[in-house]
Number of protein chains: 2
Amino acid sequence: MEITKVSFRTGVKPEDMEHVREIVTSSGFFYPVEIDVAVELVEERLKQGEASGYEFIFLEVEGITVAYSCYGLISLTKSSYDLYWIATHENQRGNGLGRILLAETERDIAARGGTAIYAETSSRGQYLPTRMFYEKNNYTLKARFEDYYDQGDDLVFYVKKV
Amino acid sequence: MEITKVSFRTGVKPEDMEHVREIVTSSGFFYPVEIDVAVELVEERLKQGEASGYEFIFLEVEGITVAYSCYGLISLTKSSYDLYWIATHENQRGNGLGRILLAETERDIAARGGTAIYAETSSRGQYLPTRMFYEKNNYTLKARFEDYYDQGDDLVFYVKKV
């Protein structure tokens with residue numbers, strides 16, 4: 001890998017709605033309704049600011065936004081965080097960017113007083129890299145709800161204490 | 001128990017905000033922020049109608065609203081329902097009303113095509129009757145997230161296939 005300038009950005013801009021749409025679309029495996037939800041979270045943040053409960057970190061390579069995470073304190077909990085989204089643009093996959101973005105996200109959650117991070121994903125085959133990603137980064141498989149999303153499509157919960 | 005007229009009502013009225021506040025306050029063990037959330041769900045239903053995603057059943061005894069359930073299809077799932085709230089006024093506890101309200105709620109979820117009902121509660125001692133209520137009604141303990149709400153206050157997940 002050549003030397004590239006990688007930086008984090010936490011301020012959310014209107015154009016991030018398009019960045020997020022492009023990033024989550026690029027993998028080709030999210031459903032349209034899931035993509036819409038991802039974009040709506042950016043919109044909520046832009047409208048309501050911190051009151052939205054959604055925090056973002058955008059990862060930029062040479063000034064281009066190529067990955068992002070979205071997370072927040074879970075309502076009615078004291079210090080449990082939900083990692084709603086973490087995604088890297090398909091054309092940047094395999095460069096370890098997801099890992100450094102996840103580490104930065106965990107650092108920020110800990111700095112906010114967070115004590116645990118919950119991540120939900122699916123049992124479907126196409127999410128195997130996602131599950132491996134969490135496991136390599138020391139997330140623990142905590143629960144599995146059979147047929148949660150649909151027949152044969154289970155919900156899988158991961159947790160990491162921070 | 002004397003013969004009383006028990007009926008269900010699914011239409012939500014503005015005065016249900018007060019009914020819900022009174023019912024969930026009566027037990028004395030919900031936090032104010034939790035009570036506010038319960039009332040907000042009624043408000044969302046009144047504002048947005050079915051688009052809110054929140055369904056309600058109110059149980060009336062002699063025309064007085066004494067218990068209610070709030071539930072809805074979980075976003076991004078095909079037929080999984082979340083039982084957000086089920087509560088009976090303290091002065092009506094022990095009369096089996098919760099049980100018949102739960103049965104009616106399950107019947108309605110099944111009629112809507114629901115295949116599973118998820119209920120979340122806390123591990124705290126005061127929720128022991130809640131957990132026993134689910135277990136007596138054939139809900140299965142599915143997962144436990146330690147220290148989820150706070151130190152020593154775990155999240156407990158129950159599920160029932162319908």
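**Exercise 1.** Determine the handedness with which H1(B) passes H2(B), and describe the packing of the two helices.

*Solution.* Step 1: H1(B) passes H2(B) in a right-handed crossing, the near helix being turned clockwise from the far one by less than a right angle. The model is predicted; local features need pLDDT of at least 70, side-chain atom pairs count only at pLDDT 80 or more, and totals for chains, interfaces and linings use all residues. Residues are numbered from 1 along each chain as its sequence is written, with chains lettered from A and ligands numbered from 1 in the order in which they are written.

Step 2: Helix H1 (residues 16-26) and helix H2 (residues 32-48) of chain B, both DSSP runs (H or I, at least four residues), pack at about 155° with axes 9 Å apart. H1(B) is therefore roughly antiparallel to H2(B) (angles over 145 degrees).

Step 3: Residues in contact have C-beta atoms, placed from the backbone, within 7 Å. Among those making the helix contact are B:Met17 and B:Val20 of H1(B), and B:Ala38 and B:Val42 of H2(B).

**Exercise 2.** Establish which rotation superposes chain A on chain B, and which element supplies the largest share of the side of chain A that touches chain B.

*Solution.* Step 1: A rotation of 180° with 0.0 Å of shift along its axis superposes chain A on chain B, with RMSD 0.0 Å (least squares on C-alpha atoms of residues with pLDDT of at least 70 in both). This is the relation of a two-fold axis.

Step 2: 18 residues of chain A are in contact with 17 residues of chain B. E6(A) supplies the largest share of the chain A side, 7 residues.

Technical notes
Contact = placed C-beta atoms within 7 Å. Axes fitted to C-alpha atoms, helices over the stretch in contact; angles between N-to-C directions. Parallel < 35°, antiparallel > 145°, perpendicular 65-115°, else oblique.
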